[in-house]
Amino acid sequence: MLTIGSHMSIADGIAGAAQNAVEMEANTMQIFTRNPRGSGYRACSEKERERFDAIRRENGFGPVLAHAPYTMNLASARESTWEFACMVIREDVARMDALGIENLVFHPGSHTGIGVCAGIENIIRGLDQGITGRERITVLLETMSGKGTEIGASFEELKAIRDGVSHPERVGICLDTCHVFSAGYDIVHDLEGVLEEFDRVLGLPLLRAIHLNDSLAPFGSHKDRHAVIGEGQIGMEALLGVLEHPRLKNLPFYLETPLDDGGHKREIRMIRQQLGEADPVSGA
Ligand code: FE
Ligand code: FE
Ligand code: ZN
């Protein structure tokens, strides 16, 4: 069965988010590690942790994905910005690992003018503060659209980051379908070629999660504009090709489309129906 969920609010806590995901007929979810625009977070009690574990166990959840805040820029040349990002990655790798969350994804960052190489060096030094090598969690680098001075729009840049860290065995990749498409990887006409390229540069075993999004912006535009599945420039057929690909279909998929929980619930059901999976509501 497909492992799919969407990005969930943690306003009701992490167990509340998991329960809301179950009600959406999802069997995984993505959550922010903390307030995405600020820096605050609420500690998770032992009781809540137990409830989170029980919900995941009883509903056969696949790997849960935690997403670091967007305000974090490990590539930054500005000392205070970089120090903040280092603090976030140190705390969040440890906090998410302690919750038994399988993967933590973050945007590599924007170099804001110092150049790709210097930016990548900053990212590597930051990751080395956060990853001790003793954790079970895997830190995922997200493929980016390449807007502005964003790092990570090419597989080669992601490879350079992974190769540079002290514990590369704890670092994997999260592929965002919207971002790779707008970065210029043609998953619509040549998914096979894109996956071959990924395999050649990074190795497909490093791919641990997929952000499943359609794209409002056209191919190669380097614009990051998510669209509802089937309503963008990638389209339903190509996204079904991703979902059904033998090398991808067992990965966890996370929707980040511009819909609320009710909309995501319908989107998940529509995807399962398109894939010919039994409707979990009717029990058929
Ligand atoms: Fe992201
Ligand atoms: Fe994403
Ligand atoms: Zn995006």
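## Metals, strands and rings in a predicted model

Arg125 lies over the face of Trp82, 4.4 Å from the ring centre. This is a predicted model. A similar arrangement involves Arg95, which lies over the face of Tyr41 at 3.6 Å from the ring centre.

**The metal sites**

Three metal ions are described here. The table lists their protein donors.

| Metal ion | Protein donors | Distance from the ion |
|---|---|---|
| iron ion (ligand 1) | His67 (NE2), His107 (NE2), Glu142 (OE) | 2.1 to 2.2 Å |
| iron ion (ligand 2) | Glu142 (OE), Asp176 (OD), His211 (ND1), Glu256 (OE) | 2.1 to 2.2 Å |
| zinc ion (ligand 3) | His179 (NE2), Asp224 (OD), Asp224 (OD), His226 (NE2) | 1.9 to 2.7 Å |

Start with the iron ion (ligand 1). Its donors follow the spacing H-x39-H-x34-E along the chain. His67 sits in strand β3 and Glu142 in strand β6 (residues 138-142). The two residues are 75 apart in sequence, and the pair links distant parts of the chain. Are these two donors buried or exposed? His67 counts as buried, at 0% relative accessibility. Glu142 also counts as buried, at 1% relative accessibility.

Which residue coordinates both iron ions? Glu142 does, and the iron ion (ligand 1) and the iron ion (ligand 2) are 3.2 Å apart.

Now take the iron ion (ligand 2). The spacing of its donor residues in sequence is E-x33-D-x34-H-x44-E. The angles among its 4 donor atoms run from 87 to 175°, and the site is irregular. Glu142 lies in strand β6 and His211 in strand β9 (residues 207-212), so this pair ties together parts that are 69 residues apart in sequence. Both Glu142 and His211 are buried.

The zinc ion (ligand 3) comes next. It lies 5.4 Å from the iron ion (ligand 1). Asp224 appears twice among the zinc donors, each time through OD. The donors follow the spacing H-x44-D-x1-H. This site too is irregular, with angles of 51 to 139° among its 4 donor atoms. His179, in helix α6, and His226, in strand β11 (residues 226-227), are 47 residues apart, and the pair links distant parts of the chain. His179 is buried, with a relative accessible area of 1%. His226 counts as partly exposed, at 22% relative accessibility. The cut-off for buried is under 20%, so His226 falls outside that class.

**Strands beside the iron sites**

Strand β3 holds the iron donor His67, and strand β6 holds Glu142. How does strand β4 connect to each of them? β3 and β4 run parallel and are joined by 3 bridges. β4 and β6 also run parallel, with 4 bridges between them.

Individual residues show the pairing. Leu65 has Asn103 in β4 as its bridge partner. The chain goes from β3 through α3 to β4, and this β-α-β crossover is right-handed. Phe106 stands opposite Leu141 in β6.

In a regular strand, side chains alternate between the two faces of the sheet. Strand β4 (residues 103-106) is covered on both faces. Asn103 and Val105 are on one side, Leu104 and Phe106 are on the other, and all are buried.

**Aromatic pairs**

A pair of aromatic rings is described by the distance of the centres and the angle of the planes. How many aromatic pairs does a search of the whole structure find? The search finds 4.

One of them joins Phe32 and Tyr70. Their ring centres are 5.4 Å apart, with 90° between the planes, and the pair is edge-to-face. Phe32 lies in strand β2 (residues 30-32) and Tyr70 in the loop between β3 (65-67) and α3 (79-98), so the pair ties together parts that are 38 residues apart in sequence. Phe32 is buried, with a relative accessible area of 12%. Tyr70 counts as partly exposed, at 46% relative accessibility.

Phe155 and Tyr185 form a stacked pair, at 4.0 Å centre to centre and 10° between the planes. Phe155 is in helix α5 (residues 155-164), and Tyr185 is in the loop between α6 (177-183) and α7 (191-201). This pair links distant parts of the chain, 30 residues apart. Both Phe155 and Tyr185 are buried. Ring pairs link these two residues and Phe198 into a cluster.

Notes
Residues are numbered from 1 along each chain as its sequence is written. Chains are lettered from A and ligands numbered from 1 in the order in which they are written. This is a predicted model: local features need pLDDT of at least 70, side-chain atom pairs count only at pLDDT 80 or more; totals for chains, interfaces and linings use all residues. Side-chain values use heavy atoms; hydrogens and water are left out. Rings of Phe, Tyr and Trp (its six-membered ring) pair if their centres lie within 6.5 Å; planes under 30 degrees apart count as stacked, over 60 as edge-to-face and the rest as tilted. Buried means under 20% relative accessible area, exposed over 50%, partly exposed in between (1.4 Å probe, protein chains only). A charge sits over a ring if NZ of Lys or CZ of Arg is within 6 Å of the ring centre and within 35 degrees of the ring normal. Donors are N, O and S atoms within 2.8 Å of the metal (3.2 Å for Na, K and Ca); water is not among the atoms, so sites may look incomplete. Four donors count as tetrahedral if all angles lie between 85 and 135 degrees; four count as square planar and six as octahedral if opposite donors are over 155 degrees apart and all others between 65 and 115; anything else is irregular. Two strands pair if DSSP finds at least two bridges between them. A crossover is right-handed if, with the strands pointing away from the viewer, the path from the first strand over the helix to the second runs clockwise.
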